[in-house]
Amino acid sequence: MHDLIRRYVGETVSHLAMKDRDDVARELEANILDMVGDEADLEVVEKTLLDLGSPQKLASQYRKEPRYLIGPETFDSYLMVLKLVGVIVFSVTLVLTILSFFLTVSDLNIYEMIAKSIASVFSALTGVFLWVTIIFAVLDYYQVKTDFQEWNVEALRNLEANPTRLIKKSESIGDLVGLSIFFLFLAIVYSRNEVVAIYQVGRESIPLFVTGLIRPYILGWMVITLLSFAVAILKLLKGRWTKPLLGISAACDLIGVFYFIFVATKWQLYNPQFISFFNLGLSRWQIIVRAASAALLILTLISIADDVYTVFKRTRQNESETTPGS
Amino acid sequence: MEEDQILYNFVTELNRGTMTLCVLASLTTKQYGYSLLQRLAEKGIELEANTLYPMLRRLENQGVLVSSWDTSESRPRKFYTLSDKGKAIFTLLKEQWDTQQMRITSLLREEESHA
């Protein structure tokens with residue numbers, strides 16, 4: 001056999017999966033030999049191989065399944081997640097970097113601070129791109145379904161009929177950013193309880209909490225924040241209010257508020273020095289905390305009531321609207 | 001896009017489906033790769049070798065074709081023919097083609113007479 005043919009076949013099958021190589025090589029070799037005939041001179045061999053196209057192209061014909069990192073089916077979801085995680089990580093990194101300038105003693109001037117902020121944001125966003133891409137490439141490789149919204153009659157009817165039931169994307173993303181920052185804040189407070197304090201020039205700071213005691217409660221709060229985070233993601237994916245979603249969201253809000261009240265009314269957590277700084281007795285402090293808790297609860301209830309109104313009241317209106325001729 | 005390019009794309013798309021039918025139709029008797037290519041060329045059906053060979057392999061993997069190596073000649077050759085499953089599929093595909101072709105032809109003639 002002509003050496004050129006052997007090399008052409010070898011190059012072609014090198015682009016194929018290991019298990020197919022021997023078979024394809026044997027077939028292809030036989031076919032090419034038939035094409036060039038018995039007494040083939042170099043010119044004929046060259047022409048035949050040129051006509052067959054480049055080994056890469058021929059190999060891709062044998063493979064047939066197009067190769068890609070993130071396919072067209074997944075691309076929309078990929079872009080959405082990339083933007084979403086990008087926005088969150090961008091905001092959180094920026095806020096934390098700027099906060100770090102105030103919380104730690106540094107001798108950076110304003111330009112160095114700006115440069116450092118840009119560098120942190122850039123490095124964080126590079127990480128986001130890398131990891132989101134890797135995760136989606138793996139999902140795509142294993143053909144995991146990433147179509148978040150189901151397409152059925154219900155989804156069809158919900159398209160334009162009740163825009164008031166839509167959950168604004170920006171709202172959910174804002175929630176996610178806020179919750180991320182809050183979570184990191186809790187993590188900082190967890191490791192350095194004394195960071196929440198009254199700072200005075202030339203005097204020792206007065207922490208709000210008794211160091212150490214608050215720690216387990218912070219941990220609980222971090223869990224609840226993660227829960228809220230999960231609900232916010234669910235809201236973002238669903239994109240519109242449904243009754244179960246409303247239930248989950250309201251339950252999560254209420255758990256958060258009641259947990260806050262539970263922790264805030266643990267009077268032994270407060271540093272007595274902190275309370276006396278404002279010239280308050282414990283009883284006055286208790287009244288303030290209780291009033292604040294009540295106000296918080298009322299605000300949460302109002303917000304839940306507003307969501308309930310959106311889901312139930314508007315649904316009924318829209319149902320009558322969508323029935324033609326009624 | 002240039003007119004030629006658009007036309008070329010349409011023709012490619014049109015061919016893509018019909019080529020399978022042509023290959024199946026030619027494999028009611030045993031053929032090896034190159035003989036099949038020549039046979040199709042004789043009928044004026046231009047199918048590139050680099051399309052045909054991978055196609056044969058795919059059809060074999062799908063169980064539409066069965067193959068056997070003939071090593072009695074000076075060169076070994078792989079012969080392909082329709083499997084039972086392939087015969088059944090070919091019959092149905094042919095019917096599909098006939099119906100489709102009838103409808104399309106009638107549509108085209110109608111348009112012509114209006115034109």
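**Entry 1: a salt bridge within chain A**

I began with A:Arg7, which counts as exposed because its relative accessibility is 54%, over the 50% cut-off. I note at the outset that I am reading a predicted model. I then looked for the partner of this side chain, and found that A:Arg7 forms a salt bridge with A:Asp3, with the closest N and O atoms 2.9 Å apart. A:Asp3 has a relative accessible area of 39%, and I therefore entered A:Asp3 as partly exposed. Both residues belong to helix α1 of chain A (residues 3–13), where they are four residues apart, about one turn of the helix. For the margin: side chains of opposite charge can pair when their charged atoms come close.

**Entry 2: the interface of chain A and chain B**

I next turned to the place where the two chains meet, and recorded that 20 residues from chain A and 19 residues from chain B take part in the contact. The area buried between chain A and chain B comes to about 1700 Å², and carbon and sulfur atoms give 52% of that area. I looked up the polar side of the interface as well, where there are seven residue pairs in polar contact, both residues of each pair being at pLDDT 80 or more. On the side of chain A that touches chain B, helices α2 (18–36), α3 (42–52) and α4 (55–63) of chain A each supply at least two residues. The largest share, eleven residues, comes from α2(A). By residue type, I wrote this side of chain A down as eight nonpolar, four polar and eight charged residues.

**Entry 3: A:Asp34 and its partners in chain B**

How many salt bridges does the rule find across the interface of chain A and chain B? I noted five across this interface, while the structure over all chains holds ten. I followed A:Asp34 in particular, since two arginines of chain B turned up beside this residue. With B:Arg75, the side chain of A:Asp34 meets in a salt bridge at 3.4 Å, N to O. With B:Arg77, the side chain of A:Asp34 meets in a salt bridge at 2.8 Å, N to O. This latter pair crosses between chains, running from strand β3 of chain B, where B:Arg77 lies, to helix α2 of chain A, where A:Asp34 lies.

Are B:Arg77 and A:Asp34 buried or exposed? I entered B:Arg77 as buried because its relative accessible area is 17%, under the 20% cut-off. A:Asp34, with a relative accessible area of 7%, is likewise buried.

**Entry 4: B:Glu60, B:Lys78 and a network**

I then looked up a salt bridge inside chain B, between B:Glu60 and B:Lys78, whose closest N and O atoms are 3.1 Å apart. This pair links distant parts of the chain, as B:Glu60 is in helix α3 of chain B (residues 49–61), B:Lys78 is in strand β3 of chain B, and the two are 18 residues apart. On accessibility, I have B:Glu60 as partly exposed, with a relative accessible area of 22%, whereas B:Lys78 counts as buried at 10% relative accessibility. Following shared partners outward, I found that salt bridges join A:Lys19, A:Asp20, A:Glu27, B:Arg57, B:Glu60 and B:Lys78 into one network.

**Entry 5: the fold of chain B**

To place these residues, I went through the elements of chain B, which has four helices and three strands, and which reads α-β-α-α-β-β-α along the sequence. Strand β2 (residues 65–70) and strand β3 (residues 77–82) of chain B run antiparallel and are joined by six bridges. The two strands form a hairpin with six residues between them. As one bridge partnership, I noted B:Ser68 with B:Phe79 in β3(B).

**Entry 6: B:Leu24 and burial in chain B**

Which residues does B:Leu24 touch, not counting those up to four places away in sequence? I listed B:Leu59, B:Val64, B:Leu65, B:Leu82, B:Phe90 and B:Leu93. B:Leu24 itself is found in helix α1 of chain B (residues 3–26), and counts as buried because its relative accessibility is 2%. B:Leu24 and B:Leu59 are 35 residues apart in sequence, and their C-alpha atoms are 9.3 Å apart in space. For chain B as a whole, I recorded that buried residues make up 31% of its 115 residues. Among the contacts in chain B with a separation of 6 or more, 44% are between residues 24 or more positions apart.

Conventions:
Residues numbered from 1 in each chain as written. Chains lettered and ligands numbered in written order. Predicted model: local features only at pLDDT ≥ 70, side-chain atom pairs only at ≥ 80, totals over all residues. Heavy atoms only, no water. Contact = heavy atoms within 4.5 Å. Buried area = accessible area lost by both parts, 1.4 Å probe. Salt bridge = Lys/Arg side-chain N within 4 Å of Asp/Glu carboxyl O. Polar contact = N/O pair within 3.5 Å; in protein donor to acceptor, adjacent residues only side chain to side chain. Nonpolar A, V, L, I, M, F, W, Y, C, P; charged D, E, K, R; others polar. Buried < 20%, exposed > 50% of the residue type's maximum accessible area, 1.4 Å probe, protein only. Pairing = 2+ DSSP bridges.
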